[in-house]
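Subject: Structure handover

Hello,

Here is the structure I promised to pass on. Please open it first, then read my notes below.

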Amino acid sequence: MGRVIAAGVALGLCGVLLGAPPASAEAGSLDVQVSIDRRPIADATVPVDPAKQVELQVVATNSGSAPVKVRSVRLSGVALALTFFAYDTTAPFEVPARGSVTRTFVLDLGDLVGQATGLLPSSVELLDAQRATLGEATTVADVRGSFWSVYGVFGLAMLVLTVLAWLGALLALARHRLAANRWRRGLRFLPAGFGTGLVAVITLSVLRLVPPEPAIEIPVVLGAAAIAFLLGYLTPHPAPPRAVTDSDTTVRMAVPPTQEFTR
């Protein structure tokens with residue numbers, strides 16, 4: 001059971017530390033400015049209500065010497081390096097050399113209510129025919145989705161695994177079953193620390209307090225893991241099994257019944 005819990009927490013950790021490799025952009029990359037419902041998304045938190053259609057306006061500027069062909073536009077949201085929603089709209093257009101093009105799209109995000117909720121780092125990307133990114137604009141989306149969305153259930157699953165990891169480590173401590181080596185005791189508490197950090201990041205996001213951006217989530221997760229490892233390292237040495245002495249050994253001797261002789 002302990003291995004299963006550690007594996008589950010490790011999966012969330014890998015998503016934070018590794019993430020997805022960035023898409024490569026060709027030489028004639030585009031500068032992209034985006035507005036959602038006529039609100040510029042740069043340096044802003046944009047409310048997204050899945051019950052309403054979203055008007056997405058994209059202004060693509062080409063500073064290169066050759067025209068750039070755009071095949072589709074993608075709106076996506078990422079947390080803990082995992083993509084929780086992505087909407088692609090195929091709308092081919094060409095941006096001339098040293099020119100700009102403005103396009104407006106209307107998106108139906110009704111499915112978003114079951115995919116995410118809370119603050120999520122989001123981006124609008126322009127893609128070519130090979131799905132490579134030509135340019136993008138980033139923002140933080142305030143998704144008004146359901147608590148029982150994929151993102152919310154993911155947070156609940158991490159909470160359950162984290163509680164089980166802490167219970168396993170603390171029960172081992174109470175029963176004096178931790179390893180005698182301090183480093184191994186610290187490693188026993190490490191998955192619980194990672195899980196605590198992940199749960200904290202997701203909770204802050206769902207409560208719309210802090211978005212799970214790499215500059216925030218990585219220090220929080222690693223800091224919680226370091227504290228848990230230190231707690232395990234400083235736990236008292238488990239008491240060795242008490243040696244059996246002669247005084248603890250009781251020997252039962254069978255005494256035969258007294259025989260009576262009749263004369």
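Eight aromatic pairs turn up in this predicted model. Two of them are worth a look here.

Start with Phe84 and Tyr151. Their ring centres lie 4.8 Å apart. Their planes stand at 70 degrees, and over 60 counts as edge-to-face, so this pair is edge-to-face. The two residues come from distant parts of the chain. Phe84 belongs to strand 6, Tyr151 to helix 2, and 67 residues separate them. Both are buried, the cut-off being under 20% relative accessible area. Phe84 has 11%, and Tyr151 has 0%. Phe154 joins them, and the three residues form one aromatic cluster.

Now go to Phe229 and Tyr233. Here the ring centres are 6.4 Å apart. The planes make 25 degrees, and under 30 counts as stacked, so this pair is stacked. Both residues sit in helix 4, which covers residues 214-233. They are four residues apart, so about one helical turn lies between them. Tyr233 is partly exposed, with a relative accessibility of 25%. The ring of Tyr233 also has a charge over it. That is the charged end of Arg182, 5.6 Å from the ring centre.

Next, the sheet. It is open and has five strands, in the order 3-9-8-5-6. The pairing is mixed. At the edges are strand 3 (45-48) and strand 6 (82-95), and each of these pairs on one side only. On average, neighbouring strands are turned by 30 degrees against each other, direction ignored.

Which way do strand 5 and strand 8 run relative to each other, parallel or antiparallel? They run antiparallel. Strand 5 spans residues 68-79, strand 8 spans residues 118-127, and six bridges join them. For one bridge partner, look at Arg74: it is matched with Glu125 in strand 8.

Finally, what packs on this sheet? Helix 2 does, with residues 150-174. Helix 2 touches strand 5, strand 6 and strand 8. Its direction makes about 150 degrees with that of strand 6. This brings us back to the first pair: Phe84 lies in strand 6 and Tyr151 in helix 2.

Over to you.

Best wishes

Note on methods:
Residues are numbered from 1 along each chain as its sequence is written. This is a predicted model: local features need pLDDT of at least 70, side-chain atom pairs count only at pLDDT 80 or more; totals for chains, interfaces and linings use all residues. Side-chain values use heavy atoms; hydrogens and water are left out. Two strands pair if DSSP finds at least two bridges between them. Axes are lines fitted to C-alpha atoms, for helices over the stretch in contact, and angles run from 0 to 180 degrees between N-to-C directions. Contact means heavy atoms within 4.5 Å. Rings of Phe, Tyr and Trp (its six-membered ring) pair if their centres lie within 6.5 Å; planes under 30 degrees apart count as stacked, over 60 as edge-to-face and the rest as tilted. Buried means under 20% relative accessible area, exposed over 50%, partly exposed in between (1.4 Å probe, protein chains only). A charge sits over a ring if NZ of Lys or CZ of Arg is within 6 Å of the ring centre and within 35 degrees of the ring normal.
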